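Thanks for coming, everyone. I would like to take a few minutes to walk you through one structure, so please have a look at it before I begin.

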Amino acid sequence: MSETKKKRTVNSEERLESVVAIITVLVTLALIVGFFWITSRNAQALGSIASAEQLRRGSEQQFTCEVRDAKIKDGTKVVWTVNGKKVEESVYKKDEPLTLNYTPEIVGQNSVTVKVGKYKRGAMINVLPPELTFIAPNITITYGDDLPELGYVCNGFVDDDNFETMCYDGVCHIAETANSGESCSKLSVGVYKIQFDKPCCYKDYEVNYVEGTLTVLPKQLNVTDVFEKTYDQTNVIETPNISLKGIIEGDDVKAVCDKLYFDNKNAGKDKKVMLANVILDGADSSNYVLCGEAKGVIKPKLVDIDGLTIKDKVYDGTTKATIDKMGTLNGVINGDSVAIGNVNLSFSDAYIGEKEIVINNVSLVGADKDNYVVNDVKIENANITSTVWDKLFKNDPVVAG
């Protein structure tokens with residue numbers, strides 16, 4: 001073949017390739033233009049597919065799409081697909097958005113498409129793993145109590161998942177004491193964190209942990225003593241010896257106080273003793289608190305009556321006696337208002353002769369009378385004599401003894 005013919009053949013092939021290339025470009029441009037035209041029509045007919053900001057596997061969500069083309073007729077078929085699979089079919093209702101209630105099954109990017117009549121709208125949505133939340137307990141105990149089992153609750157399982165499919169063994173620990181060597185059965189008073197031992201790496205779950213707290217309250221102690229004193233115009237108990245009930249064996253705790261105080265100065269039983277100024281001391285004292293109240297007794301002060309005398313009397317067949325002088329009350333504290341009120345007394349018998357005087361009862365009067373009690377009455381004997389008539393007729397009554 002001549003060189004001229006070869007050149008002509010090559011030029012023809014080149015022109016053919018150029019034509020094919022031009023045609024290919026034109027077809028591609030036509031397809032692109034067609035795609036954008038269709039997309040533009042769909043965009044005008046349907047709004048974007050909307051959903052919650054966060055979608056999670058296993059949680060039902062609602063997807064919506066607004067219909068913008070008034071030409072779409074009531075009753076037009078609506079088809080929703082997820083990842084190419086039809087999940088719902090319905091009909092369009094005039095002036096209502098297109099809706100899909102759907103529970104995502106796959107974590108990651110999902111394709112959601114809605115088609116109403118000849119119009120279609122699609123969107124890519126990101127589905128997050130479901131949230132699995134481990135919640136440690138909040139526990140309150142008293143110092144010295146046994147520590148309860150540190151269980152927990154877990155919320156967020158979806159589908160048929162359960163603890164048997166989990167990698168976590170469900171053990172909690174008290175964070176502050178985990179490496180301190182302190183016995184959990186005798187934690188000091190305070191607040192401690194309860195944490196989980198290790199993270200769970202269960203597939204397709206986003207795991208959260210909520211710490212708990214262990215609150216150890218102080219153990220209550222009671223005063224066992226019943227305090228006593230004799231009325232002295234004050235409510236003070238000097239240098240009290242205080243015994244405590246409730247201390248755990250081996251703990252170093254004692255009560256320190258130079259004085260205690262009754263709620264008032266007056267004599268009485270079952271009186272309240274105030275403990276406000278009692279201090280707990282010792283290495284373990286911070287784990288205890290004094291509670292309740294102490295009781296005590298203020299005994300009335302004993303007083304005596306001196307100088308009480310009885311009149312002699314003529315025999316009358318009775319033991320009735322008459323006071324000559326009331327006497328004085330000894331032992332009353334200066335400033336107190338108290339005096340002898342009534343003295344009930346009598347001869348020991350009704351017969352003639354020198355007789356002992358029997359004190360039956362003594363009452364006191366005055367604002368402070370209840371703070372005193374008569375202990376002793378010093379009184380001399382008195383006489384019962386015969387009547388003049390008996391002497392004249394020598395008819396004396398019988399003389400006792």
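I will speak about a sheet, then the nonpolar cores, and finally a single glutamine.

Please keep in mind throughout that this is a predicted model. Let me begin with an open sheet of four strands, whose order is β10-β15-β13-β12 and whose pairing is mixed. At its edges are β10, covering 139–142, and β12, covering 172–174, each of which pairs on one side only. From one strand to the next, the twist averages 25°. If we follow β12 to its partner, we find that it pairs with β13, residues 190–196, in the antiparallel sense and over three bridges, and that Ile174 stands opposite Ile194 in β13.

Those two isoleucines lead us to the core, since Ile174 and Ile194 are both touched by Leu214. Leaving out residues up to four places away in sequence, Leu214 also touches others, including Ile139, Ile141, Leu147 and Leu187. The largest nonpolar core has 57 residues, and those touching the most other members are Leu214, Phe227, Ile242, Leu260 and Ile305. Apart from that core lies another, of 21 residues, with Leu55, Cys65, Val82 and Tyr92 among them.

My last stop is Gln61, which is found in strand β3, residues 61–67. Is Gln61 buried or exposed? Its relative accessible area is 15%, and because buried means under 20%, Gln61 counts as buried. Setting aside neighbours within four places in sequence, Gln61 is in contact with Ala52, Gln54, Leu55, Arg56, Leu100, Asn101, Tyr102 and Pro104; of these, Leu55 is also one of the residues in the 21-residue core.

Terms used. Residues numbered from 1 in each chain as written. Predicted model: local features only at pLDDT ≥ 70, side-chain atom pairs only at ≥ 80, totals over all residues. Heavy atoms only, no water. Core = buried A, V, L, I, M, F, W, Y, C linked by side-chain atoms within 4.5 Å. Buried < 20%, exposed > 50% of the residue type's maximum accessible area, 1.4 Å probe, protein only. Contact = heavy atoms within 4.5 Å. Helix = DSSP H or I, 4+ residues; strand = E, 2+ residues; numbered from the N terminus. Pairing = 2+ DSSP bridges. Axes fitted to C-alpha atoms, helices over the stretch in contact; angles between N-to-C directions.
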